[in-house]
Amino acid sequence: MFYLSFYLSEQTDQIEKRFAQANLFGCRELFTSLHIPEDDLTFYRKRLQEIGQLARKYEVGIIADVTPASLSKIGVNGDNLDLLFDGGIIGLRLDDGFSMKEAATFSHRMKVVFNASTMTEEECDDLAFCDVNWNQIEAWHNFYPRPETGLSKELVIQKNKILRRKGIRTLAAFIPGNKEKRGPLHQGLPTIEAHRYMDPLCAYVELVRDCEVDKVFVGDGGMTDNVLARMKEFRDGVIPLRYRPLVQQHELLSMVETVQTNRRDAARDVIRSLESRLSFSWPKHLLAPACTIERQKGSVTIDNIRYGRYAGELQITLTDLPADEKVNVIGRIFEDDLPLLAYVKGGQQFRLVRIT
């Protein structure tokens, strides 16, 4: 699943747009921070009431990053959580300063989130002795605003394995947005450094498929509907692959831009569409030899009539291949989407999305 973020310092209309976006794309949680400045407590208490109304209106729960000091400022303690509930807050991401006993107490009232990037095996053991409600415990990795300070993919995988072995069932991480970046650096908010300037969908897929992350949060406030729609399509089981056509045959392009499936006996060098030969009724003129050029990695191809019984098979190349007079090249996968090809395993559905 993927989720969005907002911050109390944003304008009210910006925050409401984020709630509406979350509701539209089925994001049932939003992340925010309750690190509240000393100089305007009245404003932030009022803002909490406003976001509580938005949470109820859009049916979205809020997970808030907190310190003991920030809870104290708004008059909240372990015995009095009503102000949080009124603000739509269903869980707390605990920053430094909380004891394991306090965390366990919170877990019987709401969701409790630990810092997966720093949590140790010893802390997990301590938690187990505190009558914790494990069903309410999650661990999320940090995000890193400053370039060059994000984690490696290998470290995230290693930490996740340790935390799962210790009984934490739900793990999360952050990816950057592709619109407004959060200040003051405006350089994205990823967990993994390699994701800082990567296409958000590729970062999302890598976290879910390779790092076994259960939840992915967009750390920055801004994410376009177009990217969220692609992320939702992946969440629903289909990998959208953007491509640029090299031919002008609208009839042919419309036929291939449907949901297709890589054969279960997946080939080494190409993705082979199961449907292209079994389900498509190809008019012969669409399979005439044309554009039989070199097949760079990411080329979208159709076997032409010279290939006999293979005519009509759609493929996407996973490596550079030479030109073949029996194979028409009809398009090329958008460069930013090339990393997604590695995740189109046998039996995986995909869809070609035209970019002009």
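This short talk walks through one protein model, from its overall make-up to a few local details.

Good morning, everyone. Please keep in mind throughout that what we have in front of us is a predicted model, and that every value I quote has been computed from it.

Let me begin with the whole protein, in which the secondary structure comes to 11 helices and 15 strands, while the C-alpha trace spans about 75 × 45 × 35 Å along its principal axes. Of the 356 residues, 51% are buried. If we take the contacts with a separation of 6 or more, then 77% of them are between residues 24 or more positions apart.

Now to a pair of helices. Two packed helices are described by the angle between their axes and by the distance between those axes. For helix H1, residues 12-24, and helix H2, residues 41-58, the angle is about 25° and the axes are 10 Å apart, which means that H1 is roughly parallel to H2. The crossing of these two helices is right-handed. Which residues of H1 and H2 meet? On the H1 side they are Thr12, Ile15, Glu16, Phe19, Ala20 and Asn23, and on the H2 side they are Arg47, Glu50, Ile51, Leu54, Ala55, Lys57 and Tyr58. Sorted by class, this contact of H1 with H2 has 7 nonpolar, 2 polar and 4 charged residues.

Next, the aromatic rings. A search of the whole structure finds 16 aromatic pairs, and one of them joins phenylalanine 31 with phenylalanine 174, edge-to-face, at 5.4 Å centre to centre with 70° between the planes. Because phenylalanine 31 lies in strand E2, residues 29-33, and phenylalanine 174 in strand E7, residues 170-175, this pair ties together parts that are 143 residues apart in sequence. Are these two phenylalanines, 31 and 174, buried or exposed? Both phenylalanine 31 and phenylalanine 174 are buried.

Phenylalanine 174 also pairs with tryptophan 140, and since their ring centres are 6.3 Å apart and their planes stand at 70°, this pair is edge-to-face. Here too distant parts of the chain are linked, with tryptophan 140 in strand E6, residues 137-140, and phenylalanine 174 in strand E7, 34 residues apart. Tryptophan 140 is buried, as is phenylalanine 174. If we step back from the pairs, we find one aromatic cluster formed by Tyr3, Phe31, Trp140, Phe143, Phe174 and Phe217.

Let me turn to helix H9, residues 225-235, in which Val227, Leu228, Arg230, Met231, Glu233 and Phe234 are buried. What do the buried residues of H9 pack against? They pack against strand E1, H1, E7, helix H8, strand E9 and strand E15, so that H1 and E7, which we have already met, come up again here. Just after H9, glycine 237 takes a positive phi of about 110°.

I will finish with two arginines. Arginine 109 is found in the loop between helix H5 and strand E5, and because its relative accessibility is 40%, arginine 109 counts as partly exposed. Its C-alpha atom is separated by 9.3 Å from that of asparagine 133, 24 residues apart along the chain.

Arginine 332, by contrast, lies in strand E14, residues 327-333. The C-alpha atoms of arginine 332 and tyrosine 243 are separated by 5.3 Å, although these residues are 89 residues apart along the chain. Not counting residues up to four places away in sequence, arginine 332 touches several others, including Tyr243, Arg244, Leu246, Ile293 and Glu294.

Thank you for listening.

Terms used
Residues numbered from 1 in each chain as written. Predicted model: local features only at pLDDT ≥ 70, side-chain atom pairs only at ≥ 80, totals over all residues. Heavy atoms only, no water. Axes fitted to C-alpha atoms, helices over the stretch in contact; angles between N-to-C directions. Helix = DSSP H or I, 4+ residues; strand = E, 2+ residues; numbered from the N terminus. Parallel < 35°, antiparallel > 145°, perpendicular 65-115°, else oblique. Left-handed = near helix turned anticlockwise from the far one by under 90°. Contact = heavy atoms within 4.5 Å. Nonpolar A, V, L, I, M, F, W, Y, C, P; charged D, E, K, R; others polar. Buried < 20%, exposed > 50% of the residue type's maximum accessible area, 1.4 Å probe, protein only. Phe/Tyr/Trp six-rings, centres within 6.5 Å; stacked < 30°, edge-to-face > 60°.
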